[in-house]
Amino acid sequence: MNIQQLEYILAVDTYRHFAKAAEHCRVTQPTLSMMIQKLEDELGVKLFDRNIQPVCPTPAGRKVIDQARVVLYQTSLIKDIVNEEEQSLKGTFRLAVLPTIAPYLLPRFFQQVSEKHPDLDIRILEMQTAPTTKALLNGEIDAAIIANQPTEVQLQGDILYYEQFYAYIARNESVFKKEMVRSADISDERLWLLDEGHCFRDQLMRFCQMEKVKLRQAAYRLGSLETFMRMVESGNGVTFIPELATYQLSEQQKELVRPFAIPKPAREIVWVTRKDFIRHSVAGILIESIRKSVPKEMRTLQAGLRVV
């Protein structure tokens with residue numbers, strides 16, 4: 001048994017396909033299959049049921065794969081320990097960012113960090129909260145930027161900044177005439193919101209006390225904030241946008257933005273890692289760069305804001 005074999009079985013478990021797993025591992029399919037077969041022979045148990053598609057782990061294989069994930073993560077910490085002792089920035093740093101944060105935050109700091117620290121190889125993944133949490137727990141990513149404090153005991157969070165929600169309103173909507181909006185002003189039948197599973201949606205629905213979004217949610221699935229903004233600009237309904245998005249708007253677009261009345265809804269933007277996280281030198285550079293990149297007033301919870 002060796003590390004390479006454990007990497008191969010994790011790849012097959014991820015892709016549920018030997019050819020795709022081999023491509024991910026940058027080996028030929030016969031090589032990958034042969035190495036997994038040798039591991040199965042050594043253990044005396046089948047790890048995958050090859051008679052069904054997609055390929056599925058056997059009950060024993062599931063247990064072996066789970067333990068392999070632990071072993072590979074612990075092995076990766078050895079390099080992290082050495083790099084941290086030497087305060088080296090070499091190596092890949094995998095950072096997950098929510099899709100409702102990434103387009104507005106990353107352009108503010110990512111390029112500058114890359115130019116200032118060319119040895120730092122940051123890999124960005126846009127992921128929703130649930131898969132991000134799972135990836136952190138499995139050691140598949142190093143850190144994440146999400147919009148709430150983690151609840152899992154293995155994880156820890158550090159607040160980066162606070163971000164208000166704003167309404168983005170088409171000119172033909174009655175609420176457009178108001179200088180600020182209240183949750184009672186928003187009709188859920190005129191509202192564009194992200195699909196279930198996005199914490200951005202969940203936080204706003206709680207604040208507005210809406211049980212569900214009806215017509216527009218049924219009419220448009222898998223939308224993005226940017227798509228919904230274009231719909232509003234075309235004269236169609238209402239959506240919500242995060243504060244950093246407002247800094248990317250033209251003067252004409254800013255005319256569609258309305259703040260909420262007090263208490264104004266806001267979210268915590270949180271840096272999350274496992275509690276056994278080691279690469280503090282890299283984290284320190286990224287956290288400092290992020291905080292410096294956002295407006296000063298966003299770094300603390302301002303009066304009149306309520307985290308939802």
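User: Lys and Arg count as positive, Asp and Glu as negative, while His and the chain ends are not counted. How many positive and negative side chains does the chain have?

Analyst: This is a predicted model: local features need pLDDT of at least 70, side-chain atom pairs count only at pLDDT 80 or more, and totals for chains, interfaces and linings use all residues. Residues are numbered from 1 along each chain as its sequence is written, and side-chain values use heavy atoms, leaving out hydrogens and water. With each charge placed at NZ of Lys, CZ of Arg, CG of Asp or CD of Glu, the centres of the two sets lie 3 Å apart. The count is 40 positive and 39 negative.

User: What does the secondary structure of the chain come to?

Analyst: Helices (H or I, at least four residues) and strands (E, at least two) are DSSP runs, numbered from the N terminus. The C-alpha trace spans about 70 × 50 × 30 Å along its principal axes. Within it, the tally is twelve helices and ten strands.

User: What share of the 308 residues in the chain is buried?

Analyst: Buried means under 20% relative accessible area, exposed over 50%, and partly exposed in between, with a 1.4 Å probe and protein chains only. By that rule, the buried share of the chain is 48%.

User: How much of the area that the chain exposes do carbon and sulfur atoms supply?

Analyst: Accessible areas come from the Shrake-Rupley method with a 1.4 Å probe, and for residues only the protein chains shown count as cover. The chain exposes about 15,900 Å² in total. The part from carbon and sulfur is 51%.

User: Among contacts between residues at least 6 apart in sequence, what percentage join residues at least 24 apart?

Analyst: A contact means heavy atoms within 4.5 Å. Set the bar at 6 places in sequence, then raise it to 24. The contacts that pass come to 75%.

User: Which residues of strand β5 are buried on its two faces?

Analyst: Strand β5 covers residues 143-146, and both of its faces are covered. One side holds A143 and I145. The other side holds A144 and I146.

User: Which residue of β9 stands opposite A144?

Analyst: Two strands pair if DSSP finds at least two bridges between them. Strand β3 (residues 92-97) runs parallel to β5, joined by three bridges, and there A96 stands opposite A144. Strand β9 (residues 264-274) pairs with β5 in the antiparallel sense, also over three bridges. In β9, the residue opposite A144 is V272.

User: Is I186 buried or exposed?

Analyst: I186 sits in the loop between β6 (155-169) and α7 (199-208). T75 is 111 residues from I186 in sequence and 52 Å away in space, C-alpha to C-alpha. The relative accessibility of I186 is 8%, so I186 counts as buried.

User: Leaving aside neighbours within four places in sequence, which residues is H117 in contact with?

Analyst: H117 belongs to the loop between α5 (102-116) and β4 (121-126). With a relative accessible area of 18%, H117 is buried. Its contacts beyond those neighbours are L89 and I285.

User: What kind of peptide bond leads from I262 to P263?

Analyst: Most peptide bonds are trans. Q53 and P54 depart from that, as a cis bond with omega about 0 degrees joins them, and P54 lies in the loop between β1 (48-49) and β2 (56-57). P263 lies in the loop between β8 (257-258) and β9. Omega from I262 to P263 is near 0 degrees, and the bond is cis.

User: What is the phi of R26?

Analyst: Most residues other than glycine have a negative phi. R16, in the loop between α1 (3-15) and α2 (18-25), has a positive phi near 50 degrees and is partly exposed at 26% relative accessibility. R26 lies in the loop between α2 and α3 (29-43) and is exposed, with a relative accessible area of 78%. Its phi is also positive, at about 60 degrees.

User: Which cysteine sulfur is nearest to that of C25, and how far away is it?

Analyst: A disulfide is a pair of cysteine sulfur atoms within 2.5 Å, and a search of the whole structure finds zero. C25 is in no disulfide, and at 22% relative accessibility C25 counts as partly exposed. C56 is in no disulfide either, and C56 is partly exposed at 28%. The sulfur nearest to C25 is that of C56, 18 Å away.
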